[in-house]
Amino acid sequence: MTEKTNHGVKRIGILTGGGDCPGLNAVIRAVTKDALFHGIEVYGIRDGFEGLILDKVERLTRDRVSGILNRGGTILGSSNKANPKSYATGGRHADGSPVLEDVSDDVYKCLEKHEIEALVCLGGDGTMSAAAPFAEKGINCIGVPKTIDNDLVGTDITFGFATAVANATDALDKVHSTAASHHRTIVVEVMGRNAGWLALNAGLASGSDVILIPEIPFDIDDICEYIRERAAGGRTYTIVCVSEGAKPKGGKQIVDRVDPTSPDPIRLGGIAKWVSNQIEDQTRFECRHVVLGHVQRGGPPVAFDRVIATRFGHAASELLRSGKRNRLVVMQEGRLTDIDILAAADKQRLVDPNDCDLLDAARSVYTCFGDGEWQVA
Ligand code: F6P
């Protein structure tokens, strides 16, 4: 039986910020169960930091967090627009742009009203950035690293990533058979923002022939040459896995839309269609494209994410109980540890094109990255 110690912590809040991902509920469950066991009350904050701005708070009980381990999404709701330092309150400037206000005082009032002493923040770099000013002003914020992009600085892995890789791989596997039947090139666009981890892992797992990531700007002529050589060798179809943030050499990322109410206003999208059209125009081979979109973020977490989410959640609760302040739970070289939460704010961990064994492994199985470094068997 574990000893019940909590360093005098009586009540904590937990919130899920940014885009949702599988495993959030597993962390909520782990934090809540562990905290309750140690005599700490837990309050769920709805819709990320918005719940603290608009006072949307609920008590989490053992029953409330039962049966949610394998459920996708988050029972608390999430928001990627609710940074209290620049919150869109609904007003508009004369030019139509949204009025962004610092509503941090509302957050302090809400925390005081509910006597919440510490916050567990489940999120990516945006959520850690939103938490940073409160951590600096004395609210104990413990971060848990979430994102399907796997781009959080300081941790080798974020929960949700493994499920997104599995979802994308499943889709890529499925387009193989139809591409083969019709002798087509099919270009599949996956998420990941400015980081290529999702495309690289799903591309590798599905045996995609071409993988395009933001960190390696591609040459479309080189990709066409690769596809022609494949065809000459009897390979009559090609699968291209392209990250939404990939861009041609000397070109720019394709932006689908800009959301001025969001702290991270750029929504990427459209590169698969562009690549597909270019390949068809240049090679005259028939091409199609698919954008996987939010399918990648949906559904139940895979077993790996359930396990890591539970480990992260337990570690977060343990940090709180031990009296540690403003830490981010991370995984480094297979071991759970923690770093300063501020270290992960406003930064992204990208693929290093010059030092990444995943790239080397992919190249060794004849994968083309559109940079002229490929070989065809
Ligand atoms: O950061 C997670 C993520 O899914 C990115 O991969 C993607 O670019 C973005 O969020 C999509 O955001 P939204 O859910 O606002 O469309």
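This report covers the two domains of a predicted model and the ligand bound to it.

**Domains**

The domain assignment splits the protein in two. Domain 1 takes residues 11–159 + 301–344, and domain 2 takes 163–298 + 352–364. Each domain is thus listed as two stretches of sequence. Their C-alpha centres lie 32 Å apart. Domain 1 gives 18 residues to the contact, and domain 2 gives 17 residues.

**Ligand site**

Where does the ligand lie relative to domain 1 and domain 2? It lies between them, because both domains give residues to the shell around it. The space it takes is the largest pocket.

The surrounding residues are Asn-80, Ile-148, Asp-149, Met-191, Gly-192, Arg-193, Glu-244, Arg-267, His-294 and Arg-297. By class, five residues of this shell are charged, three are polar and two are nonpolar.

**Polar contacts**

Oxygen atoms of the ligand pair with side-chain N or O atoms of Asn-80 and Glu-244. Arg-267 also places a polar side-chain atom by a ligand oxygen, at 2.9 Å. The distances are set out here.

| Residue | Distance from side-chain polar atom to ligand oxygen |
|---|---|
| Asn-80 | 3.1 Å |
| Glu-244 | 2.5 Å |
| Arg-267 | 2.9 Å |

How much of the ligand's accessible area does the protein cover? On its own, the ligand has 400 Å² of accessible area, and the protein covers 83% of that.

Technical notes
Residues numbered from 1 in each chain as written. Predicted model: local features only at pLDDT ≥ 70, side-chain atom pairs only at ≥ 80, totals over all residues. Heavy atoms only, no water. Near = heavy atom within 4 Å. Polar contact = N/O pair within 3.5 Å; in protein donor to acceptor, adjacent residues only side chain to side chain. Areas by Shrake-Rupley, 256 points an atom, 1.4 Å probe, with all protein chains shown as cover. 1 Å grid on protein atoms, 1.4 Å probe; cavity = no way out; pocket = protein on both sides within 12 Å on 5 of 7 lines; lining within 4 Å. Sits in = over half its atoms within 2 Å of the grid points. Nonpolar A, V, L, I, M, F, W, Y, C, P; charged D, E, K, R; others polar. Domains from an automatic or database assignment. Contact = heavy atoms within 4.5 Å.
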